[in-house]
Amino acid sequence: MYQKIAFLLFLFSVSVFSQNSEIKGKIVDQDNIPILGANIFWQSTSIGTTSDENGLFTIQKTSETNSLLVSYIGFNTQKFEIRDSKELLVKLLEVTTLKEVSVSKTLKSTQNSYTASINLQTMGQKELLKAACCNLSESFSTNPSIDVNFSDAVTGNKQIKMLGLTSPYILMTEENIPAVRGASQAYGLSFVPGTWVESIQITKGAGSVINGYESISGQINYEILKPIDDIPFFVNTYGSMDGRFELNTHFNQKYSDKLSATLFIHGNSRQTKNDMNNDGFLDNPIGKQVNILNRWQYNDIEKGIVSFFNIRYMKDEKQSGQVAFNPDVDKFTTNAWGSNINTEKIELSNKTGYVFPDMPYQSIGFQNSFQMNKQDSYFGFNQYNINQKSYYSNLIFNSIISNTKNKFATGVNFTYDDYNENVVLNFSKDFSRIDNSVGAFFEYTFDNLDNFSLVAGARIDNHNRLGTFVTPRLHVRYNPWENAVVRASIGRGKRAANIFAENQHLFASSRSFSILNTDGKLYGLNPEIAWNYGLSFSQSFNLFGKDSEIALDYYVTDFQNQAVVDLDNNPQQVLFYNLKGKSFAKSFQAEFSIELIKHLNVKSAYKFYDVQTQFTTRQLQRALQAKHRFFTNVAFETHIKDKGQQWKFDVTYNWLGEQRLPNTASNLPQYQLKEYAPSFSVFNAQITRTFSSVFEIYVGGENMGNYTQDNAIVGADNPFGGNFDSSMIYGPVFGQMYYAGLRFKIK
Amino acid sequence: MKKIILVMLISLVGITTHAQEKKSKSKKVEFVVGGNCEMCKKRIEKAAFSVKGVKSANWHIDHKDIHLIIDETKCSAEDVQKAIALVGHDTDKLKTSDKLYEKLHGCCQYARL
């Protein structure tokens, strides 16, 4: 009996004890009706619970804090300071109107993934709007992983670089169909209007094997707006002080809940002749472009079918050279130096995906694309004509091995390229040819659903010029602790260099062209082969209560063979030859971003590049490549008001260290350049005022510090002489430039 | 004789009922699993995947349902419920033990089903 009493007493004391160490309570709404599933948790801890169907809860006390938070969707969160262990009765008040829900954090415009094996960044619409103008090549100016070069005066083209290597080494895909390649390598990015782009995915290092063997330093994929999600009407206009005007209109029509289509119409034009540095040459080409895309989307969710059909036409005309040049009279004469580049592009593509209804992890996709890219151009007396007709198709099957932790993708693809290429330089030659390749790939993805994943892929291809070869790629991701990720990648890439199409800015010079090898299959050269290895680490953390992130990465690209473009042997020559010796690109990037105050985001990056190649003379740093670069982007936006009114401010600062210039020592003294270009910095800024969710205007400035390169065109005084060269561009040619534009939508 | 016929009939019926319950290689199964947070999600899905024959497992924080695709020739929904209960989570069919429940991390102490 005593034992029983003692036991009861003991139980009682236990319950008393437990009452002291835990908080009990009840959660009700205004009408005293219990709330089920409300969250009760200690502030800044992971200790929490939820209320039961009677609104009751019990939570253990913690030594960490006395602040207890009670939250429930649609109700205002309440905070209690717990001093003693009495029972709580919490009356939650409903949020009266939606506007009182405060979004405490702005979504980042560029997201770094913490769960993907591949070092992938996604630039959303918000990031793309930070650079209002105008096409894909300019979209990257606010992203530190990609360096946008300064456009040269003759082609007006802005080349992009990743890991210190120019765009031919980056695989560019439009919705995973190889896009900017071959004949369109030089200008292809400027043929994609920025407003068409929904998002851009940037992969640093070896890419996936699914899209081919050509990617060496990375992969850039861009997605075009999807008709099914699009708004009925969009218009964007842009005008700048350098005389460039752009107009974009999108018309969307939904024919049924399954079928929708968008018509994209783009036009741009520059008719004003600018010569700010008074060298007698236009600072940027004049010309016009018409670009039309009609995109159809068919979606049948019940049957698991998604299909796209695109038809596109583009015509672009550019004229550059001396201000006085009149193409009708002066073409192929020594009256004045001038250049015309006319491009026409037709594209038909279709992709269809089928997801097995009872197996959502299993799908089949089929992509088809036909492209025609025709360029007729002359640069003084040099002529370059290329017409590429290509067909690409890819069949891909996705499924799992035993469960969704083990996924695979496998398939085949086929590429056919018919090049009609003619050059008239110091020699005339027809390089017309047909290339084709067929390949099969298999890629396995393992994810332990926690802190480790791996993508291992390989493909085998047979190409009529590159032979039969295997391309292996491996990516590994590990989360060593919370909010941190380590990634490693290794992969091989192989490609046939289109030496003329990729280096056509060199045509605007009096250099003579020679190819030193004759035994290779393409222009006498052997294919380029490189291995790329990389390691990256990212950590997000709280710095003085601010959301911050640090990202470090190091990549090495090691060329086993390369089509070397040598400008250093002699300033009057361009030599192309197969690599003999070493060629590599090492890049290190340290990036830090922080949300300083609410809606004020700062992103800074330091970049180091060591890019060297063995030339005929000696091992040299790659010309026109800064060894050190520094980047900062500051973005601020105000709270969005009732009707969507908002201000957005964006400033980008770029500092470029010294850049080696190609050797000009044997020129006459007035045509010599220094060995290194000076370091300099460039400021860009943009302000956007949103008046409502459907209307906004923006103004901005580029190169606001008004830095311009001296001597942008060597030998500009005598373009038909032996020292003329317009390819030595290391900085802005045009000074400060301001622009304005508007966007209007019908939703 | 009558007995034999009866046995045969019964076994035939048995066979036909058996044939009616043809086992699917990718059967969709859904049931409720108690849980609160991302940690619970990882634990629940990991437990589900530990059962051979589970091809896909997806637990939803918002409505507490787990969506499974299982190979019925290798396992059953009960096997998965058992595996989930063994890591401390109640399902609408099978409850976990208090002991296992109490071992869960503080934020995972969901309202018992």
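Angles between helix axes that fall under 35 degrees count as roughly parallel, those over 145 as roughly antiparallel, those from 65 to 115 as roughly perpendicular, and the rest as oblique. In the predicted model described here, this scheme can be applied to two helices of chain B, α2(B) and α3(B), whose axes come within 8 Å and cross at roughly 135°. Since that angle belongs to none of the named ranges, α2(B) and α3(B) are therefore oblique to each other, and their crossing is right-handed. By class, the contact between α2(B) and α3(B) comprises six nonpolar residues, with no polar and no charged residues. On the side of α2(B), the residues that take part are I44(B), A47(B) and A48(B), and these meet V80(B), A83(B) and I84(B) of α3(B).

The surroundings of α3(B) extend beyond this pair of helices. Helix α3 of chain B spans residues 77-85, and its buried residues are V80(B), Q81(B), A83(B), I84(B) and A85(B). These buried residues pack against α2 (38-49) and also against the strands β1 (27-32), β2 (54-59) and β3 (65-70) of chain B.

Chain B as a whole contains four helices and three strands, which, when read along the sequence, follow the pattern α-β-α-β-β-α-α. Of the 113 residues in chain B, 32% are buried. Among the contacts in chain B with a separation of 6 or more, 57% are accounted for by residues 24 or more positions apart.

Chain B also touches chain A, in a contact that takes 16 residues from chain B and 17 residues from chain A. On the side of chain B, the elements that give two or more residues are α2 and β2, and α2(B) gives the most, with four residues. The residues of chain B on this side divide into six nonpolar, five polar and five charged.

In chain A, a single position, L575(A), was examined in the same model; L575(A) lies in strand β35, which covers residues 573-578. Because a residue needs 20 or more other C-beta atoms within 10 Å to be buried, and is exposed with 12 or fewer, L575(A), with 19 such atoms, is classed as partly exposed. When residues up to four places away in sequence are not counted, L575(A) touches S514(A), L516(A), D566(A), N569(A) and T616(A). The C-alpha atoms of L575(A) and S512(A) are separated by 8.4 Å, although these two residues are 63 residues apart along the chain.

Key
Residues numbered from 1 in each chain as written. Chains lettered and ligands numbered in written order. Predicted model: local features only at pLDDT ≥ 70, side-chain atom pairs only at ≥ 80, totals over all residues. Contact = placed C-beta atoms within 7 Å. Axes fitted to C-alpha atoms, helices over the stretch in contact; angles between N-to-C directions. Left-handed = near helix turned anticlockwise from the far one by under 90°. Nonpolar A, V, L, I, M, F, W, Y, C, P; charged D, E, K, R; others polar.
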